[in-house]
Amino acid sequence: MRVAGLADDGQFDVVDPVADRTMDPAAPAVVMVACAQIAPVVGEPEANRRTTVDAVERAAAAGAQVVVLPELANSGYVLRDAAEATALAESATTGPTADAWADAARRHGLVVVGGLCERTPDGTVRNSAVVVDASGVRAVYRKAHLWGREAEMFVPGDEAPPVVETAFGRIGVLVCYDVEFPEWVRLVALGGADLLCAPVNWPYYPRPAGERPAEVVRVQADAAVNRMFVAACDRVGPERGTDWVGGSVITDADGFPLAGPYPGEERLLLARCALAEARDKRIGSLNDVFADRRPELYGPVLGTPPPAAS
């Protein structure tokens, strides 16, 4: 229950934010979403491929219909230099990792969203993610916002994030640092995503005792302000001196965690997600997170002047 607005008598109405929603009849029913919080090993692509496929198999056995894997799941993250990244990069559509994920998706009738080190047809190396279903690779997304030393290894993407219509709903994809840019996340929501899947690798930084990881808080905010489900899949396992948050989390469209986080543990997270809720952007009876937008005022965010005062 939450305060939704003023009633006729001037008092605040307390309204159940879900009870008065009319769900889209074409929207998917409840979907089982999984995040596989695994421990890839840098420089071991064959072993990592086996680890990811095993994780998909376990998720399928548990009833998962959408499985999210971490960022750079084929190569590992802490790459020494551009030469190592190039040596580990592979095609995102015909490479061995994409083939293995597509085979698993076909066998189990599910969707896999995973991050990989990609070599594009023109030879550039990208930090990418793919959406794969029983028909094969449906979309390739190249990370637009590079973190830390990633710019030494990867060329950033410059195409809008895809939203893919699948058998289980509309799935959008971003990679790690991308989710910290609200404008970029909003593009996914405006594209109609029911579920945002984000392969991530979140390096561990100290935080005050009792506090949730800030990365998890940002994912919850992304979900709430856009009223869409989010599944962010992190990793664990020390790698060349780097430790990880292990903050995988699956949130509902109000931003509340349905599963996770489980810091530091290899873990398969599972959550039943009523994705139809993401197609209704109302908050109570008086507000709507899309209809209440005023894009004409947001010019400065895009570097354009605000409207003249009237």
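This report walks through two helices, some salt bridges, a surface patch and a few unusual backbone spots in a predicted model.

## Helix α1 and its two sides

Let's start with helix α1, which runs over residues 45-61. With 17 residues at 1.5 Å a residue, α1 should span 24 Å, and its end C-alpha atoms are indeed 24 Å apart, so the expected and computed lengths agree. The buried residues of this helix are Asn 48, Arg 49, Thr 52, Val 53, Ala 55, Val 56, Ala 59 and Ala 60. Because they cover an arc of only 155 degrees around the axis, they sit on the same side of α1. On the other side of α1, you will find Glu 46, Arg 50 and Ala 61 exposed.

What do the buried residues of α1 pack against? Their partners are the strands β3 (30-37), β4 (66-68), β5 (111-119) and β14 (267-274), together with helix α3 (96-108). Just after α1 comes Gly 63, with a positive phi of about 100 degrees.

## Helix α5

Helix α5 covers residues 182-190, and its buried residues include Trp 184, Val 185, Val 188 and Ala 189. These four span an arc of only 150 degrees around the axis, which means that they lie on the same side of α5.

The buried residues of α5 pack against four strands, β7 (136-142), β8 (163-166), β9 (169-173) and β10 (195-199), and against helix α6 (214-226). Just after α5, Gly 192 takes a positive phi of about 95 degrees.

## Salt bridges that involve α1

The whole structure holds 19 salt bridges. One of them joins Glu 90 to Arg 49, with the closest N and O atoms 3.6 Å apart. This pair links distant parts of the chain, as Glu 90 belongs to the loop between α2 (82-88) and α3 while Arg 49 is in helix α1, 41 residues apart. Are Glu 90 and Arg 49 buried or exposed? Both Glu 90 and Arg 49 are buried.

Arg 107 and Glu 57 form another salt bridge, at 2.6 Å from N to O. Here too, distant parts of the chain are linked: Arg 107 is in helix α3 and Glu 57 in helix α1, 50 residues apart. Arg 107 has a relative accessible area of 44%, so it counts as partly exposed. Glu 57 is partly exposed as well, because its relative accessibility is 25%. Glu 57 and Arg 107 also belong to a network of salt bridges with Asp 103.

## A salt bridge and a nonpolar patch

Further along the chain, Glu 296 pairs with Arg 294 in a salt bridge whose closest N and O atoms are 3.3 Å apart. Glu 296 is partly exposed at 47% relative accessibility, and Arg 294 is partly exposed at 46%.

Which residues form a nonpolar patch on the surface? They are Leu 297, Tyr 298, Val 301 and Leu 302, with about 400 Å² of accessible area together. Leu 297 is in the segment after β16 (287-288). Its relative accessibility of 37% makes Leu 297 partly exposed.

## Pro 213 and its surroundings

Pro 213 lies in the loop between β10 and α6. With a relative accessible area of 4%, Pro 213 is buried. Leaving aside neighbours within four places in sequence, Pro 213 is in contact with Arg 207 and Val 245. Its C-alpha atom is separated by 7.1 Å from that of Gly 247, although Pro 213 and Gly 247 are 34 residues apart along the chain.

## Backbone spots worth a look

Most residues other than glycine have a negative phi, and most peptide bonds are trans. Against that background, Leu 72 has a positive phi, near 45 degrees. Leu 72 is in the loop between β4 and α2, and its relative accessibility of 0% makes it buried. Cys 176 also has a positive phi, near 45 degrees. Its place is in the loop between β9 and α5, and Cys 176 is buried, with a relative accessible area of 7%.

Where is the cis peptide bond? This bond joins Gly 260 and Pro 261, with omega at about 0 degrees. Pro 261 belongs to the loop between β13 (257-259) and β14.

Methods. Residues are numbered from 1 along each chain as its sequence is written. This is a predicted model: local features need pLDDT of at least 70, side-chain atom pairs count only at pLDDT 80 or more; totals for chains, interfaces and linings use all residues. Side-chain values use heavy atoms; hydrogens and water are left out. Patches are made of residues with over 30% relative accessible area and no salt bridge: like charges are joined within 9 Å, nonpolar side chains (Val, Leu, Ile, Met, Phe, Trp, Tyr) within 5 Å. Accessible areas come from the Shrake-Rupley method with a 1.4 Å probe; for residues, only the protein chains shown count as cover. A salt bridge is a side-chain nitrogen of Lys or Arg within 4 Å of a carboxyl oxygen of Asp or Glu. Helices (H or I, at least four residues) and strands (E, at least two) are DSSP runs, numbered from the N terminus. Buried means under 20% relative accessible area, exposed over 50%, partly exposed in between (1.4 Å probe, protein chains only). The arc is that of the directions from the helix axis to the C-beta atoms. Contact means heavy atoms within 4.5 Å. The expected span of a helix is 1.5 Å times one less than its number of residues.
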